[in-house]
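User: I would like a slow, close look at one part of this protein, with its neighbouring helix and the enclosed spaces around it. Please explain each term as you go, since I am still learning to read structures.

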Amino acid sequence: MTAFSLMIQGTTSDAGKSTLVTALCRLLARRGIQVAPFKPQNMALNSAVTHDGNEIGRAQAVQAYAAGLAPHVDMNPILLKPNTDTGAQVIIQGKAVGNMNAVGYHEYKNIAKVAALDSYHRLAEQYQAVIIEGAGSPAEINLRARDIANMGFAESIDCPVIIIADIDKGGVFAHLVGTLDLLSQSEQDRVIGFVINRFRGDISLLQSGLDWLEERTGKPVLGVLPFLKGFHLESEDAVTKSPIKTDTNATLNIVIPIMPRTSNHTDWDALRLHPDVQVTLVGANETIPPADLVILPGSKSVQSDLAFLRQEGWQDYLKKHLRYGGKVIGICGGYQMLGEQLRDPLGLENQHANTNAPGFGLIPMETVLEKDKQLKQRQGTLAFTTKSTDVTGYEIHSGVSRFSQNVMHFSALENGEKEGYVSDDNQIIGTYLHGVFDHPDALHALLNWAGVDHAATFDYDQYRNSEIDRLADSAEQHINIDALIKTCRAFQKSN
Ligand SMILES: NC(=O)CC[C@H](N)C(=O)O
């Protein structure tokens with residue numbers, strides 16, 4: 001059997017590339033084909049940690065899960081994490097190599113490409129199929145010259161491409177025809193067809209448009225995927241503000257600030273999906289509503305996000321919230337902010353070295369950002385509950401925090417380390433563990449801590465798995481997957 005690759009590119013960001021790759025990974029795995037996901041270059045603040053301590057984009061970790069694999073660094077060899085308005089931390093094969101601005105990175109792309117190809121070839125040797133995700137749109141002609149994220153990559157490895165467009169946004173025919181038109185002949189030749197995503201309504205009304213599109217471009221429409229109501233899969237970067245659930249009997253109100261550099265926003269997905277919880281995300285210039293629990297999330301640029309929170313009135317809000325008996329959980333960067341001092345001697349998160357800032361002063365702790373980033377998957381038990389309760393999570397941070405006095409810890413980890421903080425008055429928790437609400441037992445205990453007496457059981461892993469199945473079932477129904485596999489194999493042979 002010939003191994004094959006297929007790349008999914010989109011007419012815009014958020015067209016549905018990640019979801020289609022996820023669906024294909026699950027559908028090939030169901031057919032017994034050993035398949036791996038791959039994205040050469042990802043720009044996102046929501047990353048995942050592999051077993052061996054490397055950092056990759058969240059979407060590839062979810063796609064690996066759909067394929068029945070553990071996430072591996074080769075699945076996303078280049079990750080860009082924006083930490084200022086003009087620059088990003090560049091992560092190559094799982095490890096940060098430094099901060100670069102857009103021009104600097106453009107120059108660096110030739111080096112980054114070597115890593116992308118190296119990782120891809122390793123996957124291609126190991127698996128029977130590699131499903132590749134593009135980034136943004138392949139028609140950004142100003143970025144074409146050194147492109148390694150879309151057609152530049154497809155041309156290098158000579159693979160077929162599907163272009164996907166989101167009909168819910170409108171303008172789907174213009175997007176598809178325009179995108180194809182802006183590609184070179186050899187790039188156009190590798191487009192094996194289109195997929196239209198998020199269609200609602202009567203397909204018979206779309207048919208004349210599909211016929212026109214096929215006639216005009218000479219490319220087939222491989223499938224029209226319906227809008228999946230209430231569908232939720234961990235999104236890569238965009239923080240979705242609309243509530244996931246509509247009917248809620250929530251008893252616990254959670255408020256979370258959205259800061260310019262909020263990271264790992266999927267930390268609160270399990271809460272947004274939980275029937276007993278109402279999560280309100282508060283952005284810039286919005287009134288902060290009353291809450292039972294405030295969660296300060298992770299941040300890629302802690303000092304500037306802290307300044308943002310102060311400017312938005314969160315310091316006074318937190319003081320009042322705690323005075324009235326409210327609870328606070330700080331995760332990673334949000335945990336660091338709750339401390340007394342933040343130091344960045346090397347200028348890792350700013351353009352300048354030696355930037356310091358006072359934190360909210362609610363935890364007797366000081367944090368220094370150090371050169372080596374800590375990337376770890378974690379397992380342990382909660383240290384502050386009487387009942388032994390499992391907790392899982394992962395750490396991604398440069399900050400090293402030190403307490404100025406003895407404190408109660410949040411968790412006891414499997415390697416014997418104690419981690420995090422719980423205040424004596426039981427109102428504040430701080431932890432470095434991202435994903436801390438994902439384990440059903442930890443979720444239950446934390447909701448109980450926050451005031452929910454009989455919280456419903458919610459298993460995030462199970463939920464994710466059934467959402468991937470729902471997505472894959474829909475793709476199976478609307479795309480001829482066996483014919484697609486044949487086309488990809490034929491492309492591989494003829495080129
Ligand atoms: N994930 C985070 O919130 C990281 C916090 C901070 N940027 C650090 O590196 O220490």
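Analyst: **One helix and its surroundings**

In helix H9, the buried residues (under 20% relative accessible area, with a 1.4 Å probe and protein chains only) are Val302, Gln303, Asp305, Leu306, Phe308 and Leu309. The model is predicted, so local features are given only where pLDDT is at least 70 and side-chain atom pairs only at 80 or more, whereas totals for chains, interfaces and linings take in all residues. Residues are numbered from 1 along each chain as its sequence is written, and side-chain values rest on heavy atoms, without hydrogens or water. H9 covers residues 302-311; such helices are DSSP runs of H or I with at least four residues, strands are E runs of at least two, and both are numbered from the N terminus.

After H9 comes Gly313, whose phi is positive and near 90°. Helix H10 spans residues 314-323, and its buried residues are Trp314, Tyr317, Leu318, His321 and Leu322. Why can they be said to line one face of the helix? Viewed down the axis of H10, the buried residues fall within an arc of 125° (taken from the directions between the axis and the C-beta atoms), so they line one face. On the face turned away from that buried side, H10 carries Asp316, Lys319 and Arg323, which are exposed, that is, over 50% relative accessible area. Just after H10, Gly325 likewise has a positive phi, of about 90°.

H9 is also part of what covers the buried residues of H10. The cover, counted by contact (heavy atoms within 4.5 Å), further includes strand S13 (252-257), strand S15 (277-282), strand S16 (293-296), strand S18 (327-331) and strand S26 (428-431).

Some of these strands also lead to the largest nonpolar core, a set of buried Ala, Val, Leu, Ile, Met, Phe, Trp, Tyr and Cys residues joined through side-chain atoms within 4.5 Å. This core has 64 residues, of which Ile254, Leu271, Ile295, Ile329, Phe410 and Phe437 touch the most other members. By number, Ile254 falls in the span of S13, Ile295 in that of S16 and Ile329 in that of S18. The largest share of the core, 7 residues, nevertheless comes from helix H12, residues 440-450. Apart from this core lies another, of 45 residues, among them Phe153, Ile167, Leu183 and Val221. In soluble globular proteins, nonpolar side chains tend to be buried together.

We can now turn to the enclosed spaces. A cavity is a set of points, on a 1 Å grid over the protein atoms alone, where a 1.4 Å probe fits but cannot get out, and its lining residues have an atom within 4 Å of a point. The whole structure has 4 cavities of 30 Å³ or more, a volume being the space filled by probe spheres set on points joined across faces, edges and corners.

The second largest cavity, with a volume of about 60 Å³, brings us back to H9. Its lining consists of Val302, Gln303, Gln336, Leu342, Arg343, Asp344, Glu349, Asn350, Thr367 and Leu369, and Val302 and Gln303 are among the buried residues of H9. H9, strand S19 (341-344) and strand S21 each supply at least two residues of this lining, while S19 gives the most, with 3 residues. By class, the lining has 3 nonpolar, 4 polar and 3 charged residues; here Ala, Val, Leu, Ile, Met, Phe, Trp, Tyr, Cys and Pro count as nonpolar, Asp, Glu, Lys and Arg as charged, and the others, including Gly, as polar.

The largest cavity holds about 160 Å³ of space. It is lined by 18 residues, and those closest to its centre are Ser299, Glu349, Ile396, His397 and Ser398. Glu349 therefore deserves a second glance, for it also appears in the lining of the second largest cavity. At least two lining residues of the largest cavity come from each of strand S17 (298-299), helix H11 (333-337), strand S21 (365-382) and strand S22 (390-403). S22 provides the largest share, 4 residues, and the lining as a whole divides into 4 nonpolar, 10 polar and 4 charged residues.

Note on methods. 1 Å grid on protein atoms, 1.4 Å probe; cavity = no way out; pocket = protein on both sides within 12 Å on 5 of 7 lines; lining within 4 Å.
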